[in-house]
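Reader: I should be grateful for a close examination of a single helix in this model. Please describe how its residues are arranged and what surrounds them.

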Amino acid sequence: MKFFADTADTAEIRDLAEAGLLDGVTTNPSLIMKSGCDFIEVTKEICGLTSGPVSAEVVSLDHAGMMREAEKLRKIADNVCIKVPLTIDGLKTCRALTSDGTMVNVTLCFSANQALLAAKAGATFVSPFVGRHDDNGFDGMELIRDIRLIYDNYAFATEILVASVRHTIHVLEAAKIGADVMTAPPAVIKALVKHVLTDKGIEGFMADWAKTGQSL
Ligand code: E4P
């Protein structure tokens with residue numbers, strides 16, 4: 001499973017890249033707002049920190065506006081992936097851009113039928129939001145299972161990018177289902193390393209090493 005960092009924080013992105021835990025990045029208008037950075041500038045910087053796809057989201061709601069913005073965004077770097085909402089205009093934009101060889105991430109997916117439409121429009125990635133799905137009384141992982149089944153039934157090439165990941169169990173469940181990618185805040189990715197027995201083991205080894213009186 002590929003790991004994307006769901007952030008526009010370049011220090012966090014650099015840190016994950018150095019640890020070999022970064023296959024790409026996703027941003028959205030809320031994450032750009034949180035970063036306090038200029039959208040174009042920070043996207044350019046992020047594209048230099050990874051060779052993987054960097055999702056940059058359009059903010060127009062109509063097809064012509066989305067195409068105009070996508071034109072600006074895809075000039076930033078070869079690894080920019082245009083993010084469009086799961087609407088008819090978004091799907092039109094998806095079809096036009098992918099036909100032209102540009103990567104597209106169709107975002108804000110909350111049903112398996114919507115994911116089916118994204119695949120038919122030729123999306124590179126579809127982003128089902130598991131956390132927001134759970135928050136509203138639905139089962140986010142059931143959605144991922146359904147999309148996996150449908151995509152496998154028809155051998156769609158669109159990759160399932162599990163988004164709105166809130167904790168490590170989301171990552172585990174998504175990996176068990178066979179999602180292609182997950183995007184999570186850096187804190188969630190780093191939390192995957194934690195285990196009480198690892199900490200306890202290090203503590204024990206360090207205590208015994210000190211007793212040897214040796215240095216390395
Ligand atoms: C990713 O592409 C989404 O923008 C993101 O995962 C949304 O996460 P949130 O529901 O925690 O805002």
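Author: The following account concerns helix α4, with a short note on one loop residue at the end. The model is predicted.

Helix α4 spans residues 63-74 and comprises 12 residues. From its first C-alpha to its last, α4 reaches 16 Å, close to the 16 Å expected at 1.5 Å a residue.

Four residues of α4 are buried, namely Gly65, Met66, Ala70 and Leu73. They lie on the same side of α4 because they cover an arc of only 130° around the axis. An α-helix has 3.6 residues a turn, so residues three or four places apart point the same way. On the other side of α4, Arg68 and Lys72 are exposed.

The cover over the buried residues of α4 includes two helices, α3 (39-49) and α5 (88-99). It also includes the strands β3 (54-57) and β4 (80-85).

A loop residue may be set beside this helix. Ser164 is located between β7 (159-162) and α9 (168-177), in the loop that joins them. Ser164 counts as buried because its relative accessibility is 9%, where the cut-off for buried is under 20%. Leaving aside residues up to four places away in sequence, Ser164 touches Phe129, Val130, Gly131, Arg132, His170 and Thr183. With Arg132 there is a polar approach: a polar atom of the Ser164 side chain lies 3.1 Å from the backbone nitrogen of Arg132. Ala115, by comparison, is 49 residues from Ser164 in sequence, and their C-alpha atoms are 16 Å apart in space.

How values were computed
Residues are numbered from 1 along each chain as its sequence is written. This is a predicted model: local features need pLDDT of at least 70, side-chain atom pairs count only at pLDDT 80 or more; totals for chains, interfaces and linings use all residues. Side-chain values use heavy atoms; hydrogens and water are left out. The expected span of a helix is 1.5 Å times one less than its number of residues. Buried means under 20% relative accessible area, exposed over 50%, partly exposed in between (1.4 Å probe, protein chains only). The arc is that of the directions from the helix axis to the C-beta atoms. Contact means heavy atoms within 4.5 Å. A polar contact is a pair of N or O atoms within 3.5 Å; within protein, one must be able to donate a hydrogen and the other to accept it, and residues adjacent in sequence count only if both atoms are side-chain atoms.
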